[in-house]
Amino acid sequence: MVDTSDEWITTRTGIKERWICDENESNSDMSLAAGLRALEMSGNKPEDIELLLIGTVTPDKRLPSLACVVQDKMGLVNATAVDVVAACAGFLTGLSMANAYIKAGLFKKIMVIGAEKLSSITDYTDRNTCVLFGDGAGAAIVEASDGDDGILSIYIKSDGRHKKLLWIPDGGSDSPAHKINSLNGHHFDIIMNGKEVFKHAVRMMADASNRVLADANLKAEDVNVMVPHQANIRIMKSTAKRLGIPEEKVFVNLHKYGNTSAASVPIAFDEAVRSGKIKKGDIVLMTAFGGGLIWGSAVVRW
Ligand code: COA
């Protein structure tokens, strides 16, 4: 569809495969599948969940929230359900909210999902973006605990001055879809300044990661596994290098899924746990950045 090559995509991004929903599959279907697997793994029932937070910029509908649709599909009858709009940092932002709610004693069991149907907002004539993005969902359940495991430190930051580096110009309330004559419809899709995003991403993720490590009284060498947002292999390697974390500790599944935005960190974390890469007691550093710009890091003991 565009002037590109497997060689260019592989060497510049590290991506080999991406998965795209078919026309009958929705973001809520993917969220449901991920959420059910998290319930099964943690031994919880749908009625145990008190809050559902979903990081997404691609809800099934503008209204209601994706979280309310998923609440209904999953039968989370005792939950409050809310979307978190923080682009690729959506899962970590949801995790930071879950952490705060639990610490405040407001909820005891919270499901956090990161889920995106990016194929619905990707312009497949724009080679700057269409080779990068895929669809997917990942889920976690966060519970109150007295042990020394869990979230040791978490930090989220944004800088709205960079709002046009990665954005969707039209379709919001200041230029509603039915009222504007958008440029061939493609201003309803993601537009990105890749080079600028790249530069900020490395600096921001390294800064946030240094903060959470210092806050948890840890050093880079204490990290057993780093689970970064899977956007570009060069971004992941540069960030790890800046932090002094060796490449072999960085979990990579980007080649299999591309950039799935808010879904990328929970999908990677899940694969790292199920494959045995993350073991009980390991110190795991997660980090992500995305359109806003918004970014953050979390350090957990698994
Ligand atoms: N296939 C072939 N050529 C492509 C291409 C593609 N898919 N996309 C861009 N190019 C071209 C450009 O047009 C440019 O050509 P020119 O030199 O003739 O102008 C050349 O490749 C280099 O482009 P550049 O933008 O400098 O490439 P890059 O090395 O910065 O890689 C990205 C581009 C998008 C892969 C990279 O900048 C990136 O990953 N940025 C971060 C994006 C990101 O993570 N976004 C999501 C945030 S959550």
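This report describes a predicted model, taking its two sheets, the helices that pack on them, the surroundings of the ligand and a few local features of the backbone in turn.

## The sheet from β2 to β4

One open sheet is built from four strands in the order β2-β1-β3-β4, and the pairing within this sheet is mixed. Strands β2 and β4 form the edges, since each of these strands pairs on one side only. Neighbouring strands of this sheet are turned by 15 degrees against each other on average, when their direction is ignored.

Within this sheet, β1 and β2 run in the parallel sense and are joined over five bridges. A reader who wishes to find this pairing in the structure can look for Gly 55, which stands opposite Val 84 in β2.

Two helices can be described together with this sheet. Helix α4 lies across β1, β2, β3 (109-117) and β4, and runs at about 170 degrees to β3. Helix α9, made of residues 264-274, packs on the sheet as well, where α9 touches β3 and β4, and its direction makes about 70 degrees with that of β4.

## The sheet from β5 to β8

A further open sheet has four strands in the order β5-β10-β9-β8, again with mixed pairing. Its edge strands are β5 (150-158) and β8 (225-228), each of which pairs on one side only. From one strand to the next, the twist of this sheet averages 10 degrees.

Strands β9 (residues 283-290) and β10 (residues 294-301) pair in the antiparallel sense, and eight bridges hold this pairing. Which residue of β10 is the bridge partner of Thr 287? The partner is Ser 297.

Helix α4, which covers residues 90-103, packs on this sheet too, touching β5, β9 and β10, and its direction makes about 125 degrees with that of β5. The contacts of α4 therefore include strands of both sheets, given that contact means heavy atoms within 4.5 Å. Helix α6 (residues 194-215) also lies across β5, β9 and β10, but its course is described relative to β10, to which α6 runs at about 35 degrees.

## Around the ligand

The ligand is surrounded by 22 residues, and the closest of them are Thr 4, Arg 12, Cys 88, Lys 195 and Asn 232. Three polar contacts from side chains can be followed atom by atom. A polar side-chain atom of Thr 4 lies 2.6 Å from a nitrogen atom of the ligand, whereas a polar side-chain atom of Arg 12 lies 2.8 Å from an oxygen atom of the ligand. Arg 127 likewise has a polar side-chain atom placed 2.9 Å from a ligand oxygen atom. On its own the ligand has 960 Å² of accessible area, and the protein covers 76% of this area.

Which elements give two or more residues to the shell around the ligand? They are α1 (6-13), α5 (127-130), α6 and α7 (233-243). Among the elements, α6 gives the most to this shell, with four residues, and α6 is also the helix that lies across β5, β9 and β10. By kind, the residues of the shell divide into ten nonpolar, seven polar and five charged.

## The surroundings of Ile 141

Ile 141 belongs to strand β4, which spans residues 135-143. When residues up to four places away in sequence are left out, Ile 141 touches Ala 38, Leu 39, Ser 42, Asn 44, Ile 49, Ile 110 and Met 111. For one of these partners, Met 111, the separation from Ile 141 is 30 residues in sequence, while the C-alpha atoms of the two residues are 4.4 Å apart in space.

## Details of the backbone

Most residues other than glycine have a negative phi, and most peptide bonds are trans. Against this background, three places in the model deserve a careful look.

The peptide bond from Leu 63 to Pro 64 is cis, with omega near 0 degrees, and Pro 64 sits in the loop between β1 (51-55) and α3 (66-74). A cis peptide bond also leads from Gly 292 to Leu 293, here with omega near -15 degrees, and Leu 293 is part of the loop between β9 and β10, the two strands that pair in the antiparallel sense. Ala 87, although not a glycine, has a positive phi of about 45 degrees, and its place is in the loop between β2 (80-84) and α4.

Methods. Residues are numbered from 1 along each chain as its sequence is written. This is a predicted model: local features need pLDDT of at least 70, side-chain atom pairs count only at pLDDT 80 or more; totals for chains, interfaces and linings use all residues. Side-chain values use heavy atoms; hydrogens and water are left out. Two strands pair if DSSP finds at least two bridges between them. Axes are lines fitted to C-alpha atoms, for helices over the stretch in contact, and angles run from 0 to 180 degrees between N-to-C directions. A residue is near a molecule or strand if one of its heavy atoms lies within 4 Å of it. A polar contact is a pair of N or O atoms within 3.5 Å; within protein, one must be able to donate a hydrogen and the other to accept it, and residues adjacent in sequence count only if both atoms are side-chain atoms. Accessible areas come from the Shrake-Rupley method with a 1.4 Å probe; for residues, only the protein chains shown count as cover. Ala, Val, Leu, Ile, Met, Phe, Trp, Tyr, Cys and Pro count as nonpolar, Asp, Glu, Lys and Arg as charged, and the others, Gly among them, as polar.
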